[in-house]
Each structure stands twice: as C-alpha cells, then as structure tokens.
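Biologist: I'd like to learn how to read a model like this one, feature by feature. Could you walk me through it?

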Amino acid sequence: MPPRRRGASGFRGVRVRPSGRFYTEIRAGGFRLTLGTYNTPELAARAYDAAAWRFRRPRRDMNFPDVESLEEAEFLAPPPCLVDDEDRRRHRQVQRRIAIAERDEQLMRQWRAQFPNDVVNTDAFFADLRAQRRFNRRHRRAVAEFELENPNTTWTENDPRWDDIWTETTSDDE
C-alpha cells in the first residue's frame, strides 16, 4: 500500500525547512513534541509513525499504514540526526540544563518535606514584604499629595517624587 501523502512535504507531521531538511513533530495532549530533523521526508515520516504508535494513534493517522507494530515502526524510524558539532554541543547543554532543573526540583521537594516550617516562614516573609511595600507606596503618595496642596513646597517642578501622586496603592502585585 503506498504511503498516505499530506501537506507540502507530502507526509503528516513533516515540514520542509528552508535548508531543505525535514522537521518532524507530533501533537499530543495540547503540546507539540519535536521528533527531530531529517534529510529525507520519508525518514521524517517514519519517525512520526513511530511516535504515533507510542501514542496509540489509529492507523489512519499514520503515514505508512502497512507497518504492523510499534517494534516495526521503531525499527524503521531512524534516530534524530545531529547536524554538526554545534548541534551536539547545544544538545549536551540543553540536556545538562534539564538534568540540573530536575535535580533542583527533586532537592526542593526533599527540602519541603524535611523542613515544612521553613516553607510556612517563607510564605509569611513574602506576605510581610508585600504589606511593607504597599504601606511605602501609600506613604509616598500621601506625602506627594500633601506637597501638591502646600503652596510653599520645596519640590521642584521636575522632581520625580511628583510621580508618586499617580502611584497605584490598592494593588498587591509588587
């Protein structure tokens, strides 16, 4: 059975890049999952089909409906190729950053479990900080309004403290 053709590249989930290479992605749960960049549209379509099998998509959503199993689709799909040393370096850098972020999240979960009082204290600290900032904004505005009504003000016409008259004092977002 011939492959089902779609779009400009001729395959579902495959787009042509300006460089002439073929970019593959699949949508799953409201997200786009990048599968890689390939030299030919057929290789990109094979990668798409392997991902479609993993997400248990129906065969009508596949580029090559003659593939019988996930194992066969994965066997036929090439791994994403890295174009050059710069791509490899960037890939390693991204993987390191992901590993660091995952480790940070793991340590934060452990810290929260081990020191629940610190979490409460942190929340209280930021609540106090917001209240103090709100008080400071209200005070600056009151001083600016007083100076505006005072005919003998010492503030110059271009004094930046005049801007405090228009300071929003009801928001808690700072």
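Biologist: What span should the 14 residues of helix α1 (residues 41-54) have, and what is the distance between its end C-alpha atoms?

Modeller: Keep in mind that this is a predicted model. The rule is a rise of 1.5 Å a residue, so the 14 residues of α1 should span 20 Å, and the end C-alpha atoms are indeed 20 Å apart, in agreement. Just after α1, Arg-56 has a positive phi of about 55 degrees.

Biologist: How many of the 14 residues of α1 are buried?

Modeller: Here we go by relative accessible area, with under 20% counting as buried. Ten of the 14 pass, so α1 is mostly covered by that cut-off. Among them are Pro-41, Ala-44, Tyr-48, Asp-49 and Trp-53.

Biologist: And what covers the buried residues of α1?

Modeller: The cover includes β1, β2 (22-28), β3 (31-38) and α2 (70-76).

Biologist: Those strands come up a lot. In what order do they sit in the sheet?

Modeller: For a sheet, read the order first, then the pairing, then the edges. This one is open, with three strands in the order β1-β2-β3 and antiparallel pairing. β1 and β3 are the edge strands, each pairing on one side only. On average, neighbouring strands are turned by 30 degrees against each other, if you ignore direction. As for the helix, α1 packs on this sheet and touches β1, β2 and β3, its direction making about 15 degrees with that of β2.

Biologist: How many bridges join the strands, β1 to β2 and β2 to β3?

Modeller: Three bridges join β1 to β2, and seven join β2 to β3. You can go down to residue partners too: Arg-15 stands opposite Tyr-23 in β2, Thr-24 has Gly-36 in β3 as its bridge partner, and Ile-26 stands opposite Leu-33 in β3.

Biologist: What about side chains along a strand?

Modeller: In a regular strand they alternate between the two faces of the sheet. As for cover, five of the seven residues of β2 are buried, so β2 is largely enclosed by the rest of the structure.

Biologist: Which residues in the hairpins have a positive phi?

Modeller: Look at the residues linking the strands. β1 and β2 form a hairpin with five residues between them, and Gly-20 in the turn has a positive phi of about 95 degrees. The hairpin of β2 and β3 has two residues between the strands, and there Gly-29 takes a positive phi near 60 degrees.

Biologist: Is Phe-11 buried or exposed?

Modeller: Phe-11 counts as buried, because its relative accessibility is 2%. Phe-11 lies in the segment before β1 (14-16). Along the chain Phe-11 and Met-62 are 51 residues apart, yet their C-alpha atoms are separated by 8.9 Å.

Biologist: Now a helix pair. At what angle do α3 (residues 85-114) and α4 (residues 116-149) cross?

Modeller: Compare the axes: they come within 5 Å and cross at roughly 100 degrees. That makes α3 roughly perpendicular to α4. In the contact, Trp-111, Arg-112, Ala-113 and Gln-114 of α3 meet Pro-116, Asp-118, Val-119 and Thr-122 of α4. By class, this contact has four nonpolar, two polar and two charged residues.

Biologist: To zoom out, how do the elements run from the N terminus on?

Modeller: They run β-β-β-α-α-α-α, which gives four helices and three strands. Of the 174 residues in the protein, 24% are buried. Among contacts with a separation of 6 or more, 38% come from residues 24 or more positions apart.

How values were computed:
Residues numbered from 1 in each chain as written. Predicted model: local features only at pLDDT ≥ 70, side-chain atom pairs only at ≥ 80, totals over all residues. Heavy atoms only, no water. Axes fitted to C-alpha atoms, helices over the stretch in contact; angles between N-to-C directions. Parallel < 35°, antiparallel > 145°, perpendicular 65-115°, else oblique. Contact = heavy atoms within 4.5 Å. Nonpolar A, V, L, I, M, F, W, Y, C, P; charged D, E, K, R; others polar. Buried < 20%, exposed > 50% of the residue type's maximum accessible area, 1.4 Å probe, protein only. Expected span 1.5 Å × (residues − 1). Pairing = 2+ DSSP bridges.
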